[in-house]
Amino acid sequence: MSRTVHNTSISTKIFCWFFILVATVFIAGLTWLFAWGFLSGDFPKNKPTDFLLLLFGTSSYVCAIFLGISIVRSHIVTSADGLEYHGVGVTLFSSWEDMKYIKIGREVGLSRINTEVIVLMKPPVILLIRWYGKIILGKGYIPLSDFGKWRQNSLGNEIRKYAPRLVT
């Protein structure tokens, strides 16, 4: 059985790496403020505020790195059996027969507003889910917009091949 892997688009990857860069600058700035307060002797006075800022910045940084890398690693695998979506903390499978139509969704997990999704007739089979995948997991759809101009690339060709009714 032939399986084809479709990776996220270059624009999605650039956005994620930009997001990581901004988070890096943010945490570097907070670390500098914390160190400056400590070295200048203001640390004992502002200890709770400085510590909370550094803690918030560090946790934001870890989340940005984690989510950015997870989104960059997201992909879709198509085959004659159906479509596997490997997203942030979750891997879903849906057969071509269980797919209703493609529409514009309002908000899908961490994706942007007005993202294209495949709406499913029944919930997808969950092949893998991690604790953070439960937070992001959408019910009854598979996102497509992170795969760029998917209608013009190999993902669109595969959808037209196996489920032409979706892209009429």
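**Notes on the second pocket, Thr78 and Glu97**

1. Let's start with the second largest pocket: its lining breaks down into 6 nonpolar, 7 polar and 2 charged residues. Keep in mind as you look around that this is a predicted model.

2. Which residues lie nearest the centre of that second largest pocket? Ser70, Arg73, Gly87, Gly89 and Arg130 do, out of a lining of 15 residues. Three elements give two or more residues each to this lining: helix H2 (43–73), strand E3 (82–87) and strand E4 (90–95). H2 supplies the largest share, with 4 residues. As for volume, the second largest pocket comes to about 260 Å³.

3. A general word on how such spaces are found: a probe the size of a water molecule is rolled over the atoms, and that shows where empty space is left.

4. Stepping back to the whole chain, you'll count 4 helices and 8 strands. Reading from the N terminus, the order is β-α-α-β-β-β-β-β-β-α-β-α. Take the contacts between residues at least 6 apart in sequence: 59% of them join residues at least 24 apart.

5. On burial and surface: the chain has 168 residues, and buried ones make up 43% of them. The accessible surface is about 10100 Å², with 65% of that belonging to carbon and sulfur atoms.

6. Now have a look at Thr78, which sits in strand E2 (residues 75–78). Is Thr78 buried or exposed? Its relative accessibility is 0%, so Thr78 counts as buried, the cut-off for that being under 20%.

7. What does Thr78 touch? Leaving out neighbours within four places in sequence, the contacts of Thr78 are Ser2, Arg3, Thr4, His6, Leu83, Trp96, Leu155 and Glu158. With Glu158 there is also a polar contact, side chain to side chain, at 3.1 Å.

8. Glu97 is worth a look too; you'll find Glu97 in the loop between E4 and strand E5 (99–105). Glu97 counts as exposed because its relative accessible area is 57%, and the cut-off for exposed is over 50%.

9. Which residues does Glu97 touch, not counting those up to four places away in sequence? Met121 and Arg165. You can also check the spacing between Glu97 and Gly82: they are 15 residues apart in sequence, and their C-alpha atoms are 8.1 Å apart in space.

Key
Residues numbered from 1 in each chain as written. Predicted model: local features only at pLDDT ≥ 70, side-chain atom pairs only at ≥ 80, totals over all residues. Heavy atoms only, no water. Buried < 20%, exposed > 50% of the residue type's maximum accessible area, 1.4 Å probe, protein only. Polar contact = N/O pair within 3.5 Å; in protein donor to acceptor, adjacent residues only side chain to side chain. Contact = heavy atoms within 4.5 Å. Areas by Shrake-Rupley, 256 points an atom, 1.4 Å probe, with all protein chains shown as cover. 1 Å grid on protein atoms, 1.4 Å probe; cavity = no way out; pocket = protein on both sides within 12 Å on 5 of 7 lines; lining within 4 Å. Points joined across faces, edges and corners; volume = space filled by probe spheres on them. Nonpolar A, V, L, I, M, F, W, Y, C, P; charged D, E, K, R; others polar.
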